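Here's a quick briefing for anyone opening this structure for the first time. Have a look at the picture, then read on for the main points.

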Amino acid sequence: MLTLFKKKSEKERLQKKYKDLMEASFKLSHVNRKASDDKQAEAEEILKKIAQLEG
């Protein structure tokens with residue numbers, strides 16, 4: 001119950017955003033390849049930010 005109000009770290013927020021972008025990219029890949037590639041590129045930028053936080 002104590003974790004109910006715990007704030008997420010920057011890394012956790014970026015990981016969630018990365019996961020959401022990858023899911024959106026997958027769904028768009030069935031309909032619009034260009035939009036899917038754009039989402040994939042956004043996700044890669046988020047992954048780079050996560051790597052910077054780790055290292």
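Let's start with the surface: the protein chain has an accessible surface of about 4800 Å², and 57% of that belongs to carbon and sulfur atoms. Bear in mind that this is a predicted model. In terms of secondary structure, the protein chain has two helices and zero strands.

**Overall build**

- Along its principal axes, the box filled by the C-alpha atoms of the protein chain is roughly 40 × 30 × 10 Å.
- The radius of gyration of the protein chain is 14 Å, whereas a compact globule of 55 residues would come in near 10 Å.
- Just 13% of the 55 residues of the protein chain count as buried.
- As for charge, the protein chain carries 14 positive and 10 negative charges, and the mean positions of these two groups are 5 Å apart.

**Two serines that meet across the helices**

- S25 is found in helix α1, while S36 has its place in helix α2, which covers residues 33–54.
- Buried or exposed, what is S36? S36 counts as buried because its relative accessible area is 3%, under the 20% cut-off.
- S25 is buried too, with 3% relative accessibility.
- A polar atom of the S36 side chain lies 2.9 Å from the backbone oxygen of S25.
- Which residues does S36 touch, if you skip those up to four places away in sequence? They are S25, L28 and S29.
- Seen from the other side, and with the same kind of neighbours left out, S25 touches S36, K39 and Q40.

**K11 and its partners from further along the chain**

- K11 sits in helix α1.
- With 32% relative accessibility, K11 is partly exposed, because that label covers values between 20% and 50%.
- Leaving aside neighbours within four places in sequence, K11 is in contact with L53 and E54.
- How far apart are the C-alpha atoms of K11 and E54? They are separated by 8.4 Å, although the two residues are 43 residues apart along the chain.

**K7, ahead of the helices**

- You'll find K7 in the segment before α1, a helix that covers residues 10–29.
- K7 counts as exposed because its relative accessibility is 75%, over the 50% cut-off.
- K7 can be paired with E54 as well: the two are 47 residues apart in sequence, and their C-alpha atoms are 19 Å apart in space.

**R13 and its surroundings**

- R13 is another residue found in helix α1.
- R13 has a relative accessible area of 45%, so it is partly exposed.
- What joins the side chains of R13 and E10? The link is a polar contact of 3.2 Å.
- R13 and H30 are 17 residues apart along the chain, and their C-alpha atoms are separated by 27 Å.

**To recap**

- The secondary structure comes to two helices and no strands, and S25 of helix α1 touches S36, which lies in helix α2.
- Both of those serines are buried, S36 with a relative accessible area of 3% and S25 at 3% relative accessibility.
- On the charged side, K7 is exposed, whereas K11 and R13 are partly exposed.

Notes. Residues numbered from 1 in each chain as written. Predicted model: local features only at pLDDT ≥ 70, side-chain atom pairs only at ≥ 80, totals over all residues. Heavy atoms only, no water. Helix = DSSP H or I, 4+ residues; strand = E, 2+ residues; numbered from the N terminus. Buried < 20%, exposed > 50% of the residue type's maximum accessible area, 1.4 Å probe, protein only. Polar contact = N/O pair within 3.5 Å; in protein donor to acceptor, adjacent residues only side chain to side chain. Contact = heavy atoms within 4.5 Å. Rg over C-alpha atoms; globule rule 2.2 N^0.38 Å. Areas by Shrake-Rupley, 256 points an atom, 1.4 Å probe, with all protein chains shown as cover. Lys, Arg positive; Asp, Glu negative; His and termini not counted. Charge placed at Lys NZ, Arg CZ, Asp CG, Glu CD.
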